[in-house]
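Visitor: Please take a close look at one part of this structure, the surroundings of the ligand. I would like to know what lines the site and how the pieces around it are arranged.

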Amino acid sequence: MKALVYHGPGQKQLEDMPKPVLREATDAVVHVTKTTICGTDLHILKGDLPTVTAGRILGHEGIGIVEEAGTGVTRFRKGGRVLISCITSCAKCDYCRRGMPSHCETGGWILGNTIDGTQAEYVRIPYADTSLYALPEGADEDAMVMLSDILPTGYECGVLNGAVKPGDTVALVGAGPVGLSALLTTQFYAPARIIVIDLDDNRLEVAKQFGATAVVNSTDGKAVEKVMAMTGGKGVDVAIEAVGVPATFNICQEIVGAGGHLANIGVHGTSVNLRLEKLWSQNITLTTRLVDAVTTPLLLKTVMAGRLQPKRLITHHFKLDEILKAYDTFGNAGKERALKVIVTNP
Ligand SMILES: NC(=O)c1ccc[n+]([C@@H]2O[C@H](COP(=O)([O-])OP(=O)(O)OC[C@H]3O[C@@H](n4cnc5c(N)ncnc54)[C@H](O)[C@@H]3O)[C@@H](O)[C@H]2O)c1
Ligand SMILES: [Zn+2]
Ligand SMILES: [Zn+2]
C-alpha cells in the first residue's frame, strides 16, 4: 500500500509499505478514505518530536471503512464507516478511567507518532471499540475529518482549559486550523470580544469571517501593546496559545490579565522563559494539555445539528498520490492561502 513515511527531520517520502494486519483481538484495520495534515506533522518534520522515529507512517486524523475487525471488537465490523480519533484509548487503565485517555498507558497519541498512522491506504487501530466512532448517517465526510483532532483540540485544550465565560475577552494567538477551531468553539460560551493574532493577513481575514471581533497582525512585534491598548491596559480574560513557539507564548503571558487563564495548545520544541516575576501575583491559571478527544461525541452532535460548520476550515483537496504536494501547500499556508487540506484515497 502507499503511505507517507517520515525519514528524519525534513525528510519524507510517499512509499510502498506492507498493508497492516491485526495484531491484537481488539484491533481493527481501517481503509483510510480521507485524511489530512496537522500542524503537529510539521513540528515532527522540524524534528520537534523525538518520539517519532525514521520509518514511521505519519498522520493521526481521518475517516475510513473497517477492512477487518479482531475477534475482540464488538462495536464495529467489516464495511462500517468510521471516524478515527487521534487518541487511542484502552478505556481500562487509570488514565482512561480518569477521563484522560491522552495519557492512556498503552494508547494515547500514538497514531503517526509511536505506531504507524493514517496518511496511508490502511491503518491499524488498536482498541478499535473505544478509539473509533461510527459515522452518523448523512454525515459530511470532509467535515468529519475535522473531528479527529483539531476541533477537540481547540475546544478542550483552548476553550475548556481556558474556562471561557460569557462576557469574557478572549485572545487567540495563532489562526491556523487549531486556533480557528478554538475560535469556532469559544463562541459556544458567548465571549464579548475575541481578538485573533497571527502573522498572516489571509488567516486573519478568515478569522474575521469566523467571528473574531478584532484581529492583530503581529509581524511588527507590537501585538502586546495593541492588545493592552484594546483592553484599557487590563489584558485579556483568556489567552489561548495555538502556535507552539516562544514568541507566541510570550505574547500570551504579556497579555493575560489579573485572574485570567493562559491555555497553551501549541506543541513546543524549545523551552520558553516563564515571566514568573511578573505573573506570581496575578492570580492566573496556566494550563497545558494533550488533547484527550473526550468531547468528540459532543462535537459530533453539534456538527450534525448544523451548529458548527468545520467544513469551512477546508481549503484544498488532493489524492493520496499527491500527498507531497498537499504537504507543500499546507507547509506554505500563507502563500497558498491554505487551511486544512483533505487527502482522499478512494
Ligand atoms: N495540544 C495538543 O494536543 C495539540 C493537538 C494538535 C495540534 N497541536 C498544536 O497546535 C498548534 C497549531 O496547529 P495548526 O495545525 O493550527 O498549525 P499551523 O502551523 O497551521 O498554524 C499556526 C499558525 O501560527 C501562526 N504563527 C506562526 N508564528 C507566529 C508568530 N510568531 N506570531 C503569530 N502567529 C504565528 C502561523 O501564521 C499559523 O497561522 C501546533 O503547535 C500544533 O502542533 C496541539
Ligand atoms: Zn494533530
Ligand atoms: Zn487507557
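Guide: What follows goes from the ligand shell to the domains and then to the helix pairs.

The model is a predicted one. Ligand 1 is surrounded by 34 residues, and the closest of them are Gly39, Gly176, Val178, Gly244 and Val267. Several elements give two or more residues to this shell: helix H1 (39-46), helix H5 (150-160), helix H6 (177-186), strand E9 (193-198) and helix H9 (246-255). H1 provides the largest share, four residues. Sorted by class, the shell around ligand 1 holds 18 nonpolar, 11 polar and five charged residues.

The next point is where the ligand sits relative to the domains. The domain assignment divides the chain into domain 1 (2-149 + 292-344) and domain 2 (152-287). The centres of the two domains, taken over C-alpha atoms, are 27 Å apart. In the contact between them, domain 1 takes part with 17 residues and domain 2 with 15 residues. On the side of domain 1 that touches domain 2, H1 and helix H11 (296-304) each supply at least two residues. The largest share of that side, four residues, again comes from H1. By class, this side of domain 1 has five nonpolar, six polar and six charged residues. Ligand 1 lies between domain 1 and domain 2, because both give residues to the shell around it. H1 thus appears in two lists, with the largest share of the ligand shell and the largest share of the side of domain 1 that touches domain 2.

Two other contributors to the shell, H5 and H6, also pack against each other. Two packed helices are described by the angle between their axes and the distance between the axes. For H5 and H6, the axes come within 8 Å and cross at roughly 65°. The two helices are therefore roughly perpendicular to each other, and H5 passes H6 in a right-handed crossing. From H5, the contact involves Ile150, Leu151, Thr153, Gly154, Tyr155, Gly158 and Val159, which meet Pro177, Val178, Gly179, Ser181, Ala182, Thr185 and Thr186 in H6. This contact has seven nonpolar, seven polar and no charged residues. Val178 of H6, part of this contact, is also one of the closest residues to ligand 1.

The remaining pair involves H9, another helix of the shell. Helix H8 (residues 223-230) packs with H9 at an angle of about 30°, their axes being 10 Å apart. That angle makes H8 roughly parallel to H9. H8 passes H9 in a right-handed crossing. Ala223, Val224, Val227 and Met228 in H8 meet Ile251, Glu254 and Ile255 in H9. The residues of this contact divide into six nonpolar, no polar and one charged.

Key
Residues numbered from 1 in each chain as written. Chains lettered and ligands numbered in written order. Predicted model: local features only at pLDDT ≥ 70, side-chain atom pairs only at ≥ 80, totals over all residues. Near = placed C-beta within 6 Å. Nonpolar A, V, L, I, M, F, W, Y, C, P; charged D, E, K, R; others polar. Domains from an automatic or database assignment. Axes fitted to C-alpha atoms, helices over the stretch in contact; angles between N-to-C directions. Parallel < 35°, antiparallel > 145°, perpendicular 65-115°, else oblique. Left-handed = near helix turned anticlockwise from the far one by under 90°. Contact = placed C-beta atoms within 7 Å.
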